[in-house]
Amino acid sequence: MSEQSGAQAMQFGIMSVSDITRDPTTGVTPSEQERIKATLAIAKHSEEVGLDVFAIGEHHNPPFWSSSPTTFLAALAAQTERLIVSTSTTLITTNDPVRIAEEYSMLQHVSDGRMDLMLGRGNTGPVYPWFGQDIRQGLPLAIENYALLHKLWREDVVDWEGKFRTPLQGFTSTPRPLDGVAPFVWHGSIRTPEIAEQAAYYGDGFFANNIFWPKEHYQRLIELYRQRYAHYGHGTPEQAIVGLGGQVFMAAKSQDAVNEFRPYFDNAPVYGHGPSMEDFTEMTPLTVGSPQQVIDRYAAMREHYGDYQRQLFLIDHAGLPLKTVLEQLDILGSEVVPVLRKELAKDRPAAVPDAPTHAARVKAEFGDGPTRQARPGANRGDNLTGDSPYQDTPAPAGAAFGLSRKEA
């Protein structure tokens, strides 16, 4: 079985949207290579300061660079020791679920289980036709594609027919999930109750963006997820697995933080030239101020959403230079996260699950027994000959592998 850090009630980390944005204070726009290398440095430093997770988004248009998250995350996993690498988000609507199954299972292996992924529809409408899909089918695509992905990770041989892709007959996704346990999946959403329902149906995690809207908006989504999680028999509402986003900018003196961050906020592509920074920080979880102000704001999150398992911060956007982001990480790691760990552990009910890790999920599946080590059997590679694709599993009835050599 792969090695991974011990259980934690809460995981803290960084999520990046991979934007390449002009620094409004210098007028300099980094090159794609400079920004990619800077993001790698940020991700590695997040482990160095004691954070648990780094998540990267997926985009296929300028001014973003993260068109291939698994490539970046595999490189990051090779240069870290305990950091969980993840996504924020992987596009379930426009990626072929067969490729998601293969690429993220491969990432699971090369990272020794230090990975999970967040699935979502993204927020770039034109991406649909770029990949041959219709944005009007966004929700049906998300539902059907995940149903196939879920199946591909749990069945060695898959027969499939749906609406949005060619049928599969006797298909085996390789490599099989590490230790026989599929990657943990978060379903991310800004505003869509159907995605909360989907997460609840499968017993997966639900990640609320928690950046652009007031808390009441996310409270409704999270409450729906918790109630439907219990409805589908996965546990109590309090045992549902919840993650939250957030964004911060800090300095020892709060006014210094406000003064330094203001030009970046005012010119940010996402929310610049809109509400004032003061209005935005009042309406959303964006917190610009001292480390204590960040602690107070985020320690109160469980009062709004209940006990939860993962908190990710957005800190590397809007053209902020690498030096500044690394300084923000230093503050997070030394002054903020250690206090938040203690505060959010106080009076946490014993029944509330710890944050998901590969090691814990393997333990739940196999106990202290041996895990699955997938060893292929001999076949031509066409999934039509032989008794089963793997030595440890019988051929499923009715699948292509279910035909014996005499019957084929």
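Reader: Let's start small: where does Pro63 lie?

Author: Pro63 sits in the loop between S2 and H2. Those labels are DSSP runs numbered from the N terminus, with helices (H or I) of at least four residues and strands (E) of at least two. Before we go on, this is a predicted model: local features need pLDDT of at least 70, side-chain atom pairs count only at pLDDT 80 or more, and totals for chains, interfaces and linings use all residues. Residues are numbered from 1 along each chain as its sequence is written, and side-chain values use heavy atoms, leaving out hydrogens and water.

Reader: Is Pro63 buried, exposed or partly exposed?

Author: Buried is under 20% relative accessible area, exposed is over 50%, and partly exposed is in between (1.4 Å probe, protein chains only). Pro63 has 38% relative accessibility, so it counts as partly exposed.

Reader: And what does Pro63 touch?

Author: Contact means heavy atoms within 4.5 Å. Not counting residues up to four places away in sequence, Pro63 touches Ser18, Asp19 and Ile20. Take Asp19: Pro63 is 44 residues from it in sequence, yet 5.6 Å away C-alpha to C-alpha.

Reader: On to helix packing. At what angle do H5 and H6 pack?

Author: Axes are lines fitted to C-alpha atoms, for helices over the stretch in contact, and the angle, from 0 to 180 degrees, is taken between N-to-C directions. For H5 (residues 138-154) and H6 (residues 193-202) it is about 15°, with the axes 11 Å apart. That makes H5 roughly parallel to H6; the classes are under 35 degrees for roughly parallel, over 145 for roughly antiparallel, 65 to 115 for roughly perpendicular, and oblique for the rest.

Reader: Which residues make the contact?

Author: H5 brings Leu139, Ala142, Ile143, Tyr146, Ala147 and His150, while H6 brings Glu194, Ile195, Gln198 and Tyr202.

Reader: What covers the other buried parts of H6?

Author: The buried residues of H6 are Ile195, Ala196, Gln198, Ala199 and Ala200. They pack against H5, strand S8 (185-189), strand S9 (205-208) and helix H7 (215-231). After H6 comes Gly203, with a positive phi near 75°.

Reader: How many Å should H1 span?

Author: The expected span is 1.5 Å times one less than the number of residues. H1 (residues 32-48) has 17 residues, so it should span 24 Å, and its end C-alpha atoms are indeed 24 Å apart. Gly50 follows H1, with a positive phi near 100°.

Reader: Which residues of H1 are buried?

Author: Among them are Arg35, Ala38, Leu40, Ile42 and His45. Their cover includes strand S1 (11-16), strand S2 (53-56), helix H2 (69-78) and helix H12 (322-345).

Reader: What should I look for in the backbone?

Author: Most residues other than glycine have a negative phi, and most peptide bonds are trans. Here, Asp179 has a positive phi of about 60°; Asp179 is in the loop between S7 and S8 and is buried at 4% relative accessibility. Ala318 has a positive phi too, about 65°. Ala318 lies in the loop between strand S13 (310-313) and H12, and is buried with a relative accessible area of 3%.

Reader: Which residues does a cis peptide bond join in the S3 and S4 region?

Author: Ser88 and Thr89, with omega about 15°; Thr89 is in the loop between strand S3 (84-87) and strand S4 (90-91). The bond from Thr174 to Pro175 is also cis, with omega near -5°, and Pro175 lies in the loop between strand S7 (168-171) and S8.
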